[in-house]
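Biologist: I would like to go through this model with you, starting with the overall picture and ending on a single residue. Please keep the answers short.

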Amino acid sequence: MRRSRRFDAPRRPELEARGADETIPRSPSGREIRSLPPPATDRDAGTAETQTLPLGMDEELWNIRTVVQKTGLSRATIYRYVRRNLFPPRRRLGPGRIAWLASEVQAWMHSRPRPNN
């Protein structure tokens with residue numbers, strides 16, 4: 001089994017030259033942690049149950065799989081409708097990650113004409 005170069009590489013002398021008494025925070029792997037969040041204060045002691053989000057911020061996000069299941073449309077049809085501005089726009093959450101606001105998709109579903117019976 002081949003070992004990664006990271007484990008075989010010699011230690012850098014500039015890191016060993018620093019004393020262990022310095023107050024630079026380090027991760028368990030020994031790497032420097034350059035930015036830490038500010039320390040918590042008594043004012044920040046609220047729990048997740050007591051903290052509330054601003055209005056509209058607790059909106060549910062649906063991934064493509066959920067949108068397909070809820071609407072009954074195929075994945076290709078949803079993307080075709082988005083391209084033609086016939087469906088709510090998607091939101092980019094991160095690299096390779098998109099979602100739709102549930103309220104927008106539900107509003108779109110309610111706006112569709114009902115079948116004639």
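Modeller: One term first: a residue is called buried when its relative accessible area is under 20%. The model is predicted.

Biologist: What share of the residues in the protein is buried?

Modeller: The cut-off for buried is under 20% relative accessible area. The protein has 117 residues, and the buried share of them is 15%.

Biologist: In what pattern do the helices and strands follow along the sequence?

Modeller: The protein has five helices and three strands. Read along the sequence, their pattern is α-α-β-α-α-β-β-α.

Biologist: How much of the area that the protein exposes do carbon and sulfur atoms supply?

Modeller: The protein exposes about 10,800 Å². Of that area, the part supplied by carbon and sulfur atoms is 50%.

Biologist: Now Glu59: is this residue buried, partly exposed or exposed?

Modeller: Glu59 lies in the loop between helix 2 (13–17) and strand 1 (61–62). Its relative accessible area is 30%. Buried requires under 20% and exposed over 50%, with partly exposed in between. Because its value is 30%, Glu59 is partly exposed.

Biologist: With which residue does the side chain of Glu59 make a polar contact?

Modeller: Leaving aside neighbours within four places in sequence, Glu59 is in contact with Leu101, Ala102 and Ser103. Ser103 is 44 residues from Glu59 along the chain, and their C-alpha atoms are separated by 7.6 Å. The side-chain polar contact of Glu59, at 3.1 Å, is with the side chain of Ser103.

Conventions. Residues numbered from 1 in each chain as written. Predicted model: local features only at pLDDT ≥ 70, side-chain atom pairs only at ≥ 80, totals over all residues. Heavy atoms only, no water. Helix = DSSP H or I, 4+ residues; strand = E, 2+ residues; numbered from the N terminus. Buried < 20%, exposed > 50% of the residue type's maximum accessible area, 1.4 Å probe, protein only. Contact = heavy atoms within 4.5 Å. Polar contact = N/O pair within 3.5 Å; in protein donor to acceptor, adjacent residues only side chain to side chain. Areas by Shrake-Rupley, 256 points an atom, 1.4 Å probe, with all protein chains shown as cover.
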